[in-house]
Amino acid sequence: MVIEMKPTNKKKSASMLQKNLSPLNVWAISFGCAVGWGAFIMPGTTFLPIAGPLGTIISMLISAAIMLIIGVNYHFMINHSPDAGGAFTYVRTNLSYDHGFLCSWFLAIVYISIAWANATALPLIFRYFMGKKFQFGFHYQIAGYDVYLGEALLSVFAILLIGGICYAGNRIPGIVQTVCALIMIAGITVIFIAAIFHLSKNGFNIEPNYPPGKIPLLGMMNIIALSPWAFVGFESISHASEEFNFSTKKCLPIIIVSVLLSAFCYIALTLVAASAPQRPYGDWFSYINNLGRFTGVNSIPVFNSVETILGKSGIRFLILTIVGALFTGILGNMFVLSRLMMSMYRQNMLPSWFGHSDKKHISKNIIPFIVLISLPIPFLGRSVIGWIVDISSIGASIAYFYISLVAFKISKDEKNYIVTATGTIGKLCSVFFFMYFIIPSFSSVLTLSTESYLILVIWSVLGFIFFRYICRKDDEWRFGSSTVVWIMFLFLIFFTTSVWTRQITDTATNTVVENLQDYHNHAFDQNGISQTPEEKAHLDAFLDEQMTIIKVSQMKESTIENGLIIITLIIVFSLYAGLINRQKKTAESLVKTKNKFLSHMSHEIRTPVNSIMGLDEMILRETSDDTIRKQASEIHVAGNLVVSLVNDLLDFSLIDSGNLELAETEYDFPQMVNETIKSSRRLAKAKGLAYEVRIDQDMPRRLCGDVVRLRQVYQKLLSNAVKYTNEGKVSLIINFTKLDDETISMISSIVDTGIGISDNDKKRMTNSFEHLSDRKSLNMQNIGLGMNIIRNLLSLMKGKLEMESESGLGSNFTFTVKQKVIDWAPIGSNALQEEILPWTKETYRPLFTSPNGRILIVDDNETNLTVFKGLLKQTLLTVDTASDGYEGLKMSSKNEYDLLIIDHHMPGMDGVEMLNALRASEDNPNRKKPCISVTANAGVTARDEYLKLGFDDYMSKPVPGKFLEEMIMKYMPPEKIIAN
């Protein structure tokens, strides 16, 4: 066996993404995703016309405040689950996989559509600033937009270039994103300062502050409702939190800076657009009302102002700034989408094709897939892209609602009232955003186009189809349980279909009315009938009135239709939920019956096993014959295996019922490892295998976590590694990374040179009670519960298990768990101990002797009493025994003992009843003496349960001799103990 304490290994596990993203890189991703091409166009074409400069500034500050509130919710969740996947991970772990899918599905269209929008905006730079330079090759129109081969190829080049950068891992994309983001913010700042100097010459006059003839409050509300579109992307860093090389606690300052800088960019560019109107117009309002008269640079207010203030050199500087914005938009959104998809793949939601990883531990097929589906997009034209981008606000609103809901749910349980408040506000704002966009005519400015509604219908239908695919391949029954998600999908499909149909009808009706009006006017002209302007106006007003009647009628009918559909869906799904609930109650009843049976069987098995292992230990102590000692040791190993199987059954029942809980305590790391590897290295020695332990010598000594469950994971993986390795070696490798001043991520790998696992068997690894086909020829030691228990234990500890294996070439199981640090003192180079195998000629010595000590042991099993007395023989203790509670109570009333060890389940008076009677008896000399429960009841919570019943401590059968001695030493009067 090799035990090696070594310096930190910088090579990370294949289960983790490389932690290469610095705070500056993360800010660049957040800021770059939030600000893109639209920041240079919307101020002059949308914000100023509806709210004016002052209204836009106020609206953007309010929008930033709302986004910061939602940002607090994101920060709270990032620190709860720092894993790739962001909102998808938070929602699936705290609500359900169904809700996680709904959230991720609409986030995906948000990120990909914004990447497309920025990629196809690149040719527009050349249209506005360089004319027709790239307008060559074939040409056609889609929805009024001219598509040229040259311009489309320019966008394709940008997609391929940035796809290649993303493919390089995370270090290079982080650097490129940071450089482009700095160029963008520097460029906008310089342009803004130039505009301020220009305004100063005119006394800072940007009047009118609000657009004349319009209601400022309505315009401001429209801009606030646009905030999911304007700021979407600031939250994208949550998808990369697994790659931070700093503490996740620093995320909130990054989010705050990103949101505030995004607001600054929109405000600054709005003021730039209003600062220098095109001649002959004297103010921004007159100029913008006549934008249709201009082409090229002068048709975009921001571009026009930059040229007016800074001239041609300013335009070149503006081009560089916009290119930086476009690249951050494409790169940032493509990067975070790949992390979202990676997280979905990890949950078996994507085909196995996506899982092929390269040396940087990033699926090498996800980025090419994103690039592949993006390449045809430039050939669809900007109009089509605009329709798709319009629904991104709906997707962002859904994600923001889910994040706020989850943050509210968790913070309420943790009594974190600040996040509870931000979660509530976030939910309300998200609902407002969603309704503002999806309900037609809610706002004339923000109403989705007819085509956008159709795209939303198509995307929802595709989501439903993909959801069905996932449910069909889901062997673990994680999906398909939430009727709310189904209703949401169907609502989106039916409602948006209805709205789309209504808008098509409106368009057709308008066309018919216009044709009738033209026909009417033509008939009058042909017949020489002249109409006065008043008569024409009256006719136009009459036609408009009839159109309004038609629209109101359609709205009422559509509302009633959608209402009836929603009510019907709710009734159908409530009936379905009732049936599911009935099946759930039946299943819960069966689980309770099964758990009761398993608990009873555990008790019945542990009792005789306690006798067998106790007698076996007595043989090991008293015989010097090597053959007998080796045979007795084999019995010991077999007994431990039986106990392990019984524990597995109990754990499985707890997992099945959802009652498995963690019990975190402080523990000594070297001691935990020493105790963990005893059994497996003993087995490895017996099989002639090399056993290697390599641990980072800088590992903190004192940690906090569920050491029982952690040890259980190690033991199961090590046991399997030894069991299925016939030659070669088994290695345990433990490293760590510091997450913050209080937490580490412990990375453990169990590597063997055994028989490995075939590709077919890998798919069966998560099935309970599953045996692998390649291992059927091995001995009966392969009986077990598969990897189900390990995965569930790690899931409880917010860890994850990754497997690399090939049939005939061995396996590598790697898992990561977070542990709190109590003491950062390193374990050093001498933390592990070699072990003397139990069949060698070591002479047993008790931990103590106590010639004057006297204890009482109460147990209804005579063999167990014999074992306890035999195990304590050499301690010189006086050991009295009783066979039930009545006898034990009677003996305790006559004799004074230093300690009482009492079995729980006994005929007549059981252990709990005896304890209560003992404590209640004023005359009993042992009324206040320590009482320890010894029982075949096992479980992580058993000790706490027996302490609540009044016992001083608890021992689970089978009880090893050394543990029995340690327990007695703990409670015996010190003056009666002679330590050896």
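Contact here means heavy atoms within 4.5 Å. Keep that in mind for the exercises below, which all work on a predicted model.

**Exercise 1. Two helices that cross**

Work out how helix α2 and helix α14 cross, and which residues meet where they do.

*Solution.* Start with the axes. Helix α2 covers residues 38–80 and helix α14 covers residues 392–414; their axes come within 9 Å and cross at roughly 60°. Angles of 65 to 115 degrees would count as roughly perpendicular and those under 35 degrees as roughly parallel, so α2 is oblique to α14. The handedness of this crossing is left-handed.

Next, list the residues. From α2 come M67, I70, N73, Y74, F76, M77 and H80, and they meet A399, Y400, I403, S404, V406, A407, I410, S411 and E414 of α14. Sorted by character, the contact of α2 with α14 holds 11 nonpolar, 4 polar and 1 charged residues.

**Exercise 2. A second helix pair**

Now do the same for helix α4 and helix α5: what is their angle, and which residues make the contact?

*Solution.* Helix α4 spans residues 97–130, helix α5 spans residues 149–167, and the two pack with axes 8 Å apart at an angle of about 130°. An angle over 145 would count as roughly antiparallel; α4 and α5 are therefore oblique to each other. Their crossing is right-handed.

On the α4 side, the contact is made by A119, T120, L122, P123, F126 and R127, and on the α5 side by E151, L154, S155, A158 and I159. The contact of α4 with α5 divides into 7 nonpolar, 2 polar and 2 charged residues.

**Exercise 3. An asparagine in a loop**

Decide whether N926 is buried or exposed, and find what touches it.

*Solution.* First, locate the residue: N926 sits in the loop between α26 (911–920) and β15 (931–935). Then check its relative accessible area, which is 0%. Since buried means under 20%, N926 is buried. Finally, look for its contacts, setting aside neighbours within four places in sequence: N926 touches S892, N895, E896, Y897, L900, L918 and R919.

**Exercise 4. A hairpin**

Describe how strand β9 and strand β10 pair, and find the residue with a positive phi in their hairpin.

*Solution.* Strand β9 (residues 800–805) pairs with strand β10 (residues 811–826) in the antiparallel sense, over 6 bridges. For one bridge to look up in the structure, take E802, whose partner in β10 is T814. Between the strands the hairpin has 5 residues, and in this hairpin G808 takes a positive phi near 85°.

Technical notes. Residues numbered from 1 in each chain as written. Predicted model: local features only at pLDDT ≥ 70, side-chain atom pairs only at ≥ 80, totals over all residues. Heavy atoms only, no water. Axes fitted to C-alpha atoms, helices over the stretch in contact; angles between N-to-C directions. Helix = DSSP H or I, 4+ residues; strand = E, 2+ residues; numbered from the N terminus. Left-handed = near helix turned anticlockwise from the far one by under 90°. Nonpolar A, V, L, I, M, F, W, Y, C, P; charged D, E, K, R; others polar. Buried < 20%, exposed > 50% of the residue type's maximum accessible area, 1.4 Å probe, protein only. Pairing = 2+ DSSP bridges.
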